[in-house]
Every structure is written in structure tokens, then in C-alpha cells.
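Student: I would like a close look at one part of this model, the sheet and what surrounds it. Please take the charged pairs along with it.

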Amino acid sequence: MDSLGGAEFAPDMTYLNTSSCGLLPRRSVEAVQALALDNATGRGGEGAGGFETVDAARDSFARLAGVPAERVAVGGSVAVHVGLIASSLRPGDEVLFPEGEFSSVITPFAVRGDLVLRYAPLEKLAGEVRPGTALVAFSSAQSADGRVADLPAIRAAAAAHGARTLLDATQSAGWLPLDAGAYDYTVTGGFKFLLCPRGTSFLTVTEEAQGSLLPRHAGWVAAEDVWGSTYGPVERLATTARRFDEPPAFLSYYGAEQSLALLEEIGIDAIHAHDTALAARFRAGLAGLGHEPVPGESAIVSVPGLTDRHPDLRRARVAVSVRAGYVRAAFHLYNTTADVDRALDVLAG
């Protein structure tokens, strides 16, 4: 299998670490460099960037996520988005998480100190939703080992008990089709499988959930009339999810506009087929070497018992990561079968 990205990517190693950080396409690098040069020479304008580019990235993410752009807010990190949601809960509300969930999904709720936090194994999460559960917060694909949650079962259980849902799609958006409208909230860091620079993150909120979410960090960029709201309290916030926007990092969003456009051009279905086929080849190869990777059909492959081989992979210029006792490899559109076989050759010794 050849790369789907063509000349957009030029890795100089076997890069299997998208779960940590995705590679930037050439077009994204060029966009960031052009804006940086404009800012260095004074040609960048008053805001050192344009909101039209941020809105183009918002629109592109909305199409990838299957929701109207009016339901998408932009920001810089998943933790800030989750903190906004955590602040909307009432004292004593119960939040249900998978065991071992990524800390940015849990900690904003934990630091409040007046919520009930409960944990369950990922495979039992749907069955643990109960009357009184206010929110189920979970990742579609687990950061530590790549396991994909039973999304329909969790949604159905939450609906049956009147619980809202918060989905973190950071480890799946870009390779796994996303139906953001099926959840009350989704949060997605852009710098992994969406191939955006760090400093890009997307929040989606249903129209119903928007009514109970207070824009606690609202500034002038959250105003309906942005340039008419630069002094004094904002008189009218945006009527869409834009009222939850953080001030955007323009350099990051100039890159994001290009990266998300590339994903749209290739198509998530094609990327999903590509990524999961490479991951399946890697799992089969690991099994042939006597190892037992975490089962599943995820584009992320984690295997226990190999952390001592991480230095060997690094010396061979095979980029993977170590998380929670696993060696973790992640396959994306710029990877090929040669990348899979190279990693297996190193592990074969």
C-alpha cells in the first residue's frame, strides 16, 4: 500500500507515532511560513492573521464531523473545552468515565471537588450508566492502547437514563468517521490524526446543550460583532457555538485550514480503510513474532511486553511511543506497507 498523501509528506524516518503528533502536510507548512513572514515584515495586518481562515478551518472540521459549522467552537486545547463543560455541571452531579481515560478528559471535573466521579472498564461502560448519571465522558479511541469504544451502546445507554455524552475524538478524528451530532459535546485536539499544528482544538455542542453551557472565558472574539466589541463588556455574544471560541492562534489555524482541506480531498472513508489495513498487517506480523497486541480494528496498535525494545526502534529510526506499559504504533495516510515491515524487521531482531 502506497501513501495516500503523495508529495504532501516527506518523512525521513519510519514514522508510526501519529497518536503523539501527526505530520504536517507541505501545504500547511507553507501557509504557516507565509503568515510568519508577513508578521515579521509587518504585512500581517492588525490581527496578525485573519478570522476568515479560522472560519474556513471551522467549516472544514464541521463537514468532517457531520455537523453544521454553527455548532463548532474553536480553541487551543481539549482541556480548556472540557473545563468549560465541567463548569456547567451542578454540585453532586455524577460523571462516568472509562478506567484509564486520558487525564485531560477527567481532571477538569476532578478539580471541582463537588462532583461524583465514577469509573468502569471501557467494555462495560454502557452497562454502568445508571439513573442519576449526568454525563458520560469518554474517548472514541483510547490513548493508551487504541481500543475503540462501543459507541452505539454507550449512546443508547446514556439516552435511556437521560445522561449527556462527551466524546473525545482526538485519537480517532481523521481516520475513524465521526458523527459529532450524535453526542451532546465532542472535543478534538487537532494535532494528531487531523494533521494540524498544535494550538488547534474543536468543540461541538448540540443546540440543546448550548443552552446550559455558560461561555465563561468569553472575550471579544466570542461577540456577534467581533470588531465592534473590543472595549467594555461584550453586549451581544455570538448566537452560534462561536460564543465558546477562545482567541485563535492564527499561525496554527492557517496550517489547520490546509490540513483539514487535504483530509476532505482524500476522504475519511479512504483513510480509514488505508490506516486499519496497515494496522491489521502489523498485528498479524506481531502475532507471527510471538507477541499479543491489543485486539481490535483500530488504526492504533499497542502491544505489551515490548517496552524494552523501544530503544532499538528509536535507533533504527522507527518512531513509536511508550504509553501505560505498551509500545504504541499508529498508522495514518502517509504510511505504507514498507513502514509496517520495517518496524517488524527491527522487532524480529
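Tutor: What follows goes through the sheet, then a helix beside it, then the salt bridges.

The model is predicted. Its open sheet is built from seven strands, ordered β2-β8-β7-β6-β5-β3-β4, with mixed pairing. The edges are β2 (72–75) and β4 (116–120), each of which pairs on one side only. On average, neighbouring strands of this sheet are turned by 20° against each other, direction ignored.

Within the sheet, look at β6 (residues 164–168) and β7 (residues 185–189). These two strands run parallel and are joined by three bridges. One residue to find here is L166, whose bridge partner in β7 is Y185. Helix α6 (residues 151–161) lies across β5 (133–139) and β6, and runs at about 170° to β5.

Strand β6 also leads to the charged pairs. In general, side chains of opposite charge can pair when their charged atoms come close. R164 and D184 form a salt bridge through their side chains, at 3.9 Å from N to O. This pair links distant parts of the chain, since R164 is in strand β6 while D184 is in the loop between β6 and β7, 20 residues apart. D184 has a relative accessible area of 14% and is therefore buried, being under the 20% cut-off. R164, with 23%, is partly exposed.

That salt bridge is one of 19 in the structure. Another joins R58 to D55, with the closest N and O atoms 3.1 Å apart. Both residues belong to helix α2 (residues 51–65); they are three residues apart, so about one helical turn separates them. R58 counts as buried at 5% relative accessibility, whereas D55, at 31%, counts as partly exposed.

A further salt bridge connects two helices. The side chains of D341 and R281 meet at 2.9 Å, N to O. D341 sits in helix α11 (residues 337–348) and R281 in helix α9 (residues 268–288), so the pair links distant parts of the chain, 60 residues apart. Both count as partly exposed: D341 has 28% relative accessibility, and R281 has 39%. Lastly, E94, R118, E128 and R130 are joined into one network by salt bridges that share partners.

Conventions. Residues are numbered from 1 along each chain as its sequence is written. This is a predicted model: local features need pLDDT of at least 70, side-chain atom pairs count only at pLDDT 80 or more; totals for chains, interfaces and linings use all residues. Side-chain values use heavy atoms; hydrogens and water are left out. Two strands pair if DSSP finds at least two bridges between them. Helices (H or I, at least four residues) and strands (E, at least two) are DSSP runs, numbered from the N terminus. Axes are lines fitted to C-alpha atoms, for helices over the stretch in contact, and angles run from 0 to 180 degrees between N-to-C directions. Contact means heavy atoms within 4.5 Å. A salt bridge is a side-chain nitrogen of Lys or Arg within 4 Å of a carboxyl oxygen of Asp or Glu. Buried means under 20% relative accessible area, exposed over 50%, partly exposed in between (1.4 Å probe, protein chains only).
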